[in-house]
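Work through the exercises below with the sequence and the coordinates open. Each task is followed by its solution in steps.

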Number of protein chains: 4
Amino acid sequence: MKNIPFKGVIAYPITPFDHHDKVDIPLFQQHVEHLVQSGSHGIAPLGSTGVLPYLSDEEKEAVTEATIQQVNNRVPTLVGVSNLTTEKTVYHAQFAEKAGATAVMIIPMSYWRLSDEEIVKHYDTVASKISIPIMAYNNPATSGVDMSPALLKRLLEIPNVTMIKESSGDIQRMHTLKKELGEEVAFYNGSNPLALAAFSAGATGWCTAATNLIPAHNINLYEAIQNNDLNLARKLFYEQVELLQFIVAKGLPRAIKAGLSLLGTDGGQLRKPLLPLSESEVSQLKTILESIKNK
Amino acid sequence: MKNIPFKGVIAYPITPFDHHDKVDIPLFQQHVEHLVQSGSHGIAPLGSTGVLPYLSDEEKEAVTEATIQQVNNRVPTLVGVSNLTTEKTVYHAQFAEKAGATAVMIIPMSYWRLSDEEIVKHYDTVASKISIPIMAYNNPATSGVDMSPALLKRLLEIPNVTMIKESSGDIQRMHTLKKELGEEVAFYNGSNPLALAAFSAGATGWCTAATNLIPAHNINLYEAIQNNDLNLARKLFYEQVELLQFIVAKGLPRAIKAGLSLLGTDGGQLRKPLLPLSESEVSQLKTILESIKNK
Amino acid sequence: MKNIPFKGVIAYPITPFDHHDKVDIPLFQQHVEHLVQSGSHGIAPLGSTGVLPYLSDEEKEAVTEATIQQVNNRVPTLVGVSNLTTEKTVYHAQFAEKAGATAVMIIPMSYWRLSDEEIVKHYDTVASKISIPIMAYNNPATSGVDMSPALLKRLLEIPNVTMIKESSGDIQRMHTLKKELGEEVAFYNGSNPLALAAFSAGATGWCTAATNLIPAHNINLYEAIQNNDLNLARKLFYEQVELLQFIVAKGLPRAIKAGLSLLGTDGGQLRKPLLPLSESEVSQLKTILESIKNK
Amino acid sequence: MKNIPFKGVIAYPITPFDHHDKVDIPLFQQHVEHLVQSGSHGIAPLGSTGVLPYLSDEEKEAVTEATIQQVNNRVPTLVGVSNLTTEKTVYHAQFAEKAGATAVMIIPMSYWRLSDEEIVKHYDTVASKISIPIMAYNNPATSGVDMSPALLKRLLEIPNVTMIKESSGDIQRMHTLKKELGEEVAFYNGSNPLALAAFSAGATGWCTAATNLIPAHNINLYEAIQNNDLNLARKLFYEQVELLQFIVAKGLPRAIKAGLSLLGTDGGQLRKPLLPLSESEVSQLKTILESIKNK
């Protein structure tokens, strides 16, 4: 029986920095606490939202430990351990397991477009070195490689690769996954504006940074789906779709930081080259957030 | 109040030819009769499925008249009148109106990529010459022009342009349409494999050729949505999605003709350059159809 | 030995209309005469520039006859006879041959994306009904189908398919064509802004509407290449590249008509839905043309 | 007067590893020596070919120093210092300057799609901390961001950003650069299969890994262009184009390593996840290399 520890809304915290460009761990833990208390069904540090690739090894380790300590087993944790080289991916996956992570997420980062053989070998090597489950993450826009359903099928034959996160932005891909991988495959939607379509298509969960800003809306949408109430789900989705589109268009770390400030929470500093949203973008975000609050 | 005569499953008949490459009107009428009796909520001759652009003016007129006579007001009719030139589009729109069509469908066919101004002028000219409603049809793959939500908004200001058919294949486009054009806009999905996602997003109807082959599955899907039963809709969708993908991949007229033969109905001949499906394609289609029948 | 009657600059006249939307044959013949006298190495009526798909059969026939009469064998003629159906393509190809055309150009127009088999059958059927050479034309943006080098190779096995016009806009395609089809294949560039790159890659000719406006610049570029003078060819190309980009971006019939007016020649009327360039576009074109004149 | 130290063929060495996954510096220096002695006009370590992103800071520093020591001012050196964060990019740029690099190359690596403001700020910060020239590198496929001609124009206003390397693979982009940035802009082609087209368009140089395998062919092509002999350049280009296409399709480090072995030179090991070419790929490469040798 496959070990599939996640369902529902899996929340991605940002990694806040202080004014000296150091990771602000206490502030990070406040964000994690807020995500847990808001009802998130899982916490996923060191994703794209958490600017994983911008962090040093020591910073990644500190964020991993801070998450697990703060969450304290109230919900499962999913730690991002992707790295360009196989050796470093193994290193971080082992660190996460030892620190107490429930599972790890791995995207086949590729400066060079990896062949199918290279990708299978990469996952296989990492999987053989840990015993917690792995979520394989497909996001061609970020990784430069689009893992076909056939390739994902091969990955799922590795015993502890048990979950797929799909962010290609093409809803038809999810239909194909489900048809080709079997009705029982656990796939997760990573494309925010496809939240309704993906749940309609049978996604097990939704990986999202939006929960930093509008947790109740995200969770209510999931519950409407669970209650088989499409009309309510549709209504809730259209209430939040503009925010979902906005945070994707502007980049998750920048948009979430700005949104937190608008909601009265300290979002910390960004690490350069990332810059804060412009004034007009902040004002646009403010309008969107207010319109959601009034619904 | 906008005149919006369609909802549900709008069925697209093929145009069958005899062995002398003449349109086989009696056979066409049998197909139409079958579509009506199977519960289709509307009949749409002279679409892409009906190889509109391959027909002479006289053939288009004969098909229009045969449809209206056969349907005999049991359900509304939506006649395709698209043409490369504005003058010919007006001609066919007027013919359809006079013949008794409920509405006409118009895609801005463009050998030359039309500007927004040219498209608005085109629709405006045709609209001013008829009084039945117009469905504006966006299908960049076919027409070579992608009508933006902003442009569609301008078209909807023309009084008798009351409906939009969207076939860009991007579900996010439907979300944007609904947000930008208002919750009340009537949009129709023309991309078969998006049937579930589009209904989830609030589509008023589904324009499809699949009804020639699996009418009950198409109509049951719509009814599940009407009954707010997402779980049932999802189950029904996955039962038919392979057929929906197949007929799109192989081309609707070719795939429908082959499917009709497999179901024991005469699909007539194709007009060249279109050729019948290969033997292996027919065999693949047979497997798909049998798998659906057994569900 | 293959019959390859074209090289150099093959000029595409527009089809001008009068104020009653009739083809203005005398004006068309003036344009053709100007193209011949300016040194064009071939004349190609009824191309995209000549709005072939917007014309009735009678209009196509009149334009064909007017061209052949006016050119009067001073240079070879290449008549566009593409049609959606195979039967009509045969009809127009036979008409062109009987009227005295040197060769015909055929693009596999496809409302429905044609399979390789359908395309081969289409060309083969037409080729078997005429004895003059055929130029196969690849332009995915216009026809909706991208003929692969492998498919073009199959077409070249048909005895009177002897030339390829390539307008996919990808210079690497031309390299591949030359490698795969043999150094001796005659390929023609149909993408104006690639004129220099295509000649550098070994194109036999350049199919262009620019000759209506700047014949000397087009022909001088070809002659510099013939003289193996890349430095001069590059200089000449950069002098005209803005015009080449402009006429493609705005649509050839609209841009050429506007340019003719600016040069003091009557460009006639456009057939709707095509509309004249806007005032600001005309002004932009004026600046470009003046800048070329001063070089 | 702009400081533009490169022209001609700029050679990219691979970074070879030993059997313990350590950078093999002595072997690397042999490769560099071969590139210099073969007539390369510049040496560019730590590019994509040199798997820059797969290296630790210490490895990057060792490669930088080994290059500069080995080249010993015989030709200029161009050191890759791109990094995801601005701070690390500054760090490596300063290291390269101090070590004696002639110039540095910087691509705006972006896990998150950077805004124009972020990119300008990134280059501006780095440029202000060094005094050697910077080559700004545009490669959307690798970096995830496509720098428009307008943005590149802004970058060129930074005093020591003096060169542009363009690898978008679209020859029209080079035409636009030259028109918009002025005839005097120094742009370099980074897309191997566009070598002939880019030189025809006026590229100052060609950044290539092919020189590891066929240096004479690369350099002869450049010299033919310098001698204004397009016919010879075209002949030389078609002799090598299959190799250029092959190394791009298979990934430069993998293909170069395999090619070196075929030529009797030790290419070292690859760092995982990169794997050697398959047997059939090696055999294909062998055929290509032999066919070139026989020309």
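The exercises concern a predicted model and go from the fold of one chain to its interfaces and then to backbone geometry.

**Exercise 1. Describe the overall build of chain A, and decide how its radius of gyration compares with the globule rule.**

Step 1. Count the secondary structure: chain A has twelve helices and eight strands.
Step 2. Compare the radius of gyration, 18 Å, with the 19 Å that the globule rule gives for 295 residues; the two are close, so chain A is as compact as a globular protein of that length.
Step 3. Take the extents: the C-alpha trace of chain A spans about 50 × 50 × 35 Å along its principal axes.
Step 4. Look at burial and contact order. Of the 295 residues in chain A, 63% are buried. Among contacts in chain A with a separation of 6 or more, 71% come from residues 24 or more positions apart.

**Exercise 2. Characterise the surface and the charges of chain A.**

Step 1. The accessible surface of chain A is about 10600 Å², and carbon and sulfur atoms hold 48% of that surface.
Step 2. There are 26 positive and 30 negative side chains in chain A.
Step 3. The centres of these two sets lie 2 Å apart.

**Exercise 3. Find which chain pairs are in contact and which are not, and describe the interfaces of chain A.**

Step 1. Set aside the pairs without contact. Chains A and C do not touch, with nearest C-alpha atoms 20 Å apart; chains B and D are likewise not joined by any contact, and their closest C-alpha atoms also lie 20 Å apart.
Step 2. Take chain D against chain A. The contact involves 28 residues from chain D and 29 residues from chain A. The buried area is about 2800 Å², with 67% from carbon and sulfur atoms. On the chain D side, D:Y111, D:W112 and D:P273 lose the most area to chain A, together 29% of what that side buries.
Step 3. Take chain B against chain A. Here 29 residues of chain B meet 29 residues of chain A. The two chains bury about 2400 Å² between them, 52% of it on carbon and sulfur atoms. In chain B the residues that lose the most area to chain A are B:K179, B:N228 and B:Y238, together 29% of what that side buries.

**Exercise 4. Is A:S48 buried or exposed, and which residues does it touch?**

Step 1. Locate A:S48: the residue lies in the loop between β2 (42-43) and α2 (57-71) of chain A.
Step 2. Apply the cut-off for burial, under 20% relative accessible area. A:S48 has 11% relative accessibility, so it counts as buried.
Step 3. List its contacts, leaving out residues up to four places away in sequence: A:P253, D:Y111 and D:W112.

**Exercise 5. Where does the backbone depart from the usual phi sign or peptide geometry?**

Step 1. State the baseline: most residues other than glycine have a negative phi, and most peptide bonds are trans.
Step 2. Inspect peptide bonds. The bond from A:K272 to A:P273 is cis, with omega near 20°, and A:P273 sits in the loop between α11 (252-262) and α12 (279-293) of chain A. The bond from C:K272 to C:P273 is also cis, with omega near 20°.
Step 3. Inspect phi. A:D21 has a positive phi near 65°; this residue is in the loop between β1 (8-11) and α1 (25-37) of chain A and is partly exposed at 23% relative accessibility. B:V51 has a positive phi of about 45°, and at 5% relative accessibility B:V51 counts as buried.

How values were computed:
Residues numbered from 1 in each chain as written. Chains lettered and ligands numbered in written order. Predicted model: local features only at pLDDT ≥ 70, side-chain atom pairs only at ≥ 80, totals over all residues. Heavy atoms only, no water. Helix = DSSP H or I, 4+ residues; strand = E, 2+ residues; numbered from the N terminus. Rg over C-alpha atoms; globule rule 2.2 N^0.38 Å. Buried < 20%, exposed > 50% of the residue type's maximum accessible area, 1.4 Å probe, protein only. Contact = heavy atoms within 4.5 Å. Areas by Shrake-Rupley, 256 points an atom, 1.4 Å probe, with all protein chains shown as cover. Lys, Arg positive; Asp, Glu negative; His and termini not counted. Charge placed at Lys NZ, Arg CZ, Asp CG, Glu CD. Buried area = accessible area lost by both parts, 1.4 Å probe.
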